[in-house]
Amino acid sequence: MKVANIILSVLVLIAAAVSAVFSYFLYEKRVALVGGWAQLSDAVHASAVTMDKGSGTSAAKELTSEKLSHKTYASDRMNKTLSGLQKQSRALVAQRDALAEALAEVGRRNNAGVNAADLKSFSSYDEQLDKVKRAAAATIDNRNRIYSALRRIIDVDVSKLNRGDASGLEPVDYAVRARDGYRNALNSIAGRVGASRMSSDANSTREGQAVYSAVNRKLGEVDEIRRQLDTASRTIYQQKNTIAERDKKIVEINRTVADRDYQIKELKRALGIAPEEPFALWKKGSKEARVHLTGKVTKVSGEYGYIVIDLGSDSVVYQQAGNKQVDINLGLESGVELAVVRGDEDEFVAAVTLDKVGEKESTANIPMDKVGAIKVGDKIIYKAAK
């Protein structure tokens with residue numbers, strides 16, 4: 001029995017020693033666990049503070065070290081406290097993903113060669129972000145060079161363009177419309193001068209030069225035609241003067257011949273010599289009658305280019321028939337040509353054509369080259385046909 005008690009006492013002593021050892025180890029673990037809990041609480045609070053910074057949130061007020069401490073631990077309260085951290089974490093992840101997608105879209109528009117997955121990854125984020133920055137900077141540089149080039153050509157509003165206001169490009173729209181109008185005008189000219197139409201390229205200098213050369217050729221042809229017309233006009237004017245002089249001589253010769261014929265016939269009759277042909281009265285409006293007409297200019301209208309003469313549809317001349325005189329109507333009508341003469345020698349002034357014929361008076365247009373030459377009182381005689 002004694003031996004049993006001794007063995008039991010030894011076992012109890014051993015159990016107590018083991019219990020003391022385990023109690024020591026358990027205490028050390030508790031100290032470590034409490035320290036780790038405190039570190040974790042401080043880390044969660046610090047993370048919440050960091051996430052709150054500049055984000056407009058206040059999760060760190062609820063995620064304090066005190067509220068996360070093991071001393072005040074309660075499962076429901078801890079879940080409620082940590083739910084703010086979870087909510088903020090999810091919001092940050094959503095913002096990160098949205099930002100990554102936005103940066104990836106910026107990169108795609110600027111040919112940066114990035115994707116959203118690499119921008120979401122911590123390991124490749126910096127590299128991908130640098131690509132986006134470089135591509136965006138290159139795009140901005142190109143844009144600025146374009147703005148500078150536009151400013152050298154046309155006065156665009158760079159301040160509006162920098163703000164993304166497209167109305168800053170209105171001068172470019174005006175220039176495009178002006179270019180189109182210029183090209184349409186050139187194409188119209190090209191069609192008239194036989195040149196090729198311009199293409200849609202507003203800078204088609206070669207085609208524009210072709211139109212310019214064709215216009216110059218046409219202008220040269222026009223100048224040559226004008227010179228020819230001037231020469232022809234001078235020739236016509238000289239020929240008209242020559243014709244007028246010859247008409248004057250014809251009128252004088254016709255009058256002389258008529259007078260001589262009349263005198264011969266009268267002399268033959270007076271001498272009793274039978275004429276070669278029977279005596280005949282002049283017909284109305286015949287040349288034989290008209291060569292004896294005489295009238296005068298009663299009015300000259302230089303402003304309207306006509307003259308009034310004292311001859312009309314009732315005007316007559318007298319034909320001597322033995323001891324009698326016979327009235328012969330001159331048969332004047334529109335289109336009959338008469339001559340205007342002056343002085344005792346019947347100096348030729350102009351040839352006119354009857355326009356409107358009244359009973360006692362008629363009008364005739366003044367030739368362009370005789371404006372100012374005809375005077376009131378000038379004599380009117382018959383201008384014989386050529």
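**A closed barrel and its helices**

V340 stands opposite I380 in strand β8. This pair of residues belongs to a predicted model, in which local features need pLDDT of at least 70 and side-chain atom pairs count only at pLDDT 80 or more, whereas totals for chains, interfaces and linings use all residues. Residues are numbered from 1 along each chain as its sequence is written, and side-chain values use heavy atoms, with hydrogens and water left out.

The helices and strands named here are DSSP runs numbered from the N terminus (H or I over at least four residues for helices, E over at least two for strands). Two strands count as paired if DSSP finds at least two bridges between them. By this rule β5 (residues 337–342) and β8 (residues 379–382) pair in the antiparallel sense, over four bridges.

From β8 the pairing can be followed to β1. Strand β1 (residues 295–301) runs antiparallel to β8 and is joined to it by two bridges, with G295 opposite I380 in β8. β1 is also antiparallel to β2, and four bridges join these two strands; here V300 faces I307 in β2. Four residues lie between β1 and β2 in a hairpin, and G305 in the turn has a positive phi of about 75 degrees.

On the other side of the hairpin, β2 (residues 306–309) pairs with β7 (residues 362–365), antiparallel and over four bridges. V308 stands opposite T363 in β7. β7 in turn is joined by three bridges to β6 (residues 347–357), again in the antiparallel sense, and V357 stands opposite S362 in β7. A hairpin of four residues connects β6 to β7.

Taken together, six strands close into a barrel with antiparallel pairing, in the order β1-β2-β7-β6-β5-β8. Neighbouring strands of this sheet are turned by 45 degrees against each other on average, direction ignored. The axes behind this angle are lines fitted to C-alpha atoms, for helices over the stretch in contact, and angles run from 0 to 180 degrees between N-to-C directions.

Several of these strands feed the largest nonpolar core. A nonpolar core is a set of buried Ala, Val, Leu, Ile, Met, Phe, Trp, Tyr and Cys residues joined through side-chain atoms within 4.5 Å. Buried means under 20% relative accessible area, exposed over 50%, and partly exposed in between (1.4 Å probe, protein chains only). The largest core has 25 residues, and the members that touch the most others are L293, I307, I309, L338, V340, I374 and I380. At least two residues of this core come from each of β2, β5, β6 and β8. β6 gives the most, with four residues.

The next topic is charge pairing. Side chains of opposite charge can pair when their charged atoms come close. A salt bridge is taken as a side-chain nitrogen of Lys or Arg within 4 Å of a carboxyl oxygen of Asp or Glu, and the whole structure has eight. Among them is the bridge between R134 and D130, at 2.0 Å from N to O. Both residues lie in helix α4 (residues 122–153), four residues apart, about one turn of the helix. R134 counts as partly exposed because its relative accessibility is 48%; D130 is also partly exposed, at 37%.

In helix α7 (residues 205–271), R226 and D223 are three residues apart, so about one helical turn separates them. Their closest N and O atoms are 4.0 Å apart in a salt bridge. R226 is exposed, with a relative accessible area of 53%, while D223 is partly exposed at 35%.

One salt bridge ties helix α7 to a loop of the barrel strands: D346 and R255 have their closest N and O atoms 2.8 Å apart. The two residues are 91 residues apart and link distant parts of the chain, D346 in the loop between β5 and β6 and R255 in helix α7. D346 counts as buried because its relative accessibility is 13%, whereas R255, at 29%, is partly exposed. In addition, E105, R108 and R109 are joined into one network by salt bridges that share partners. Returning to D346, its phi is near 50 degrees, a positive value in a residue other than glycine.

Two places remain in the helices. I14 in helix α1 (residues 2–52) is partly exposed, at 46% relative accessible area. A98 in helix α2 (residues 75–109) is 18 residues from A116 in sequence and 9.0 Å from it in space, C-alpha to C-alpha.
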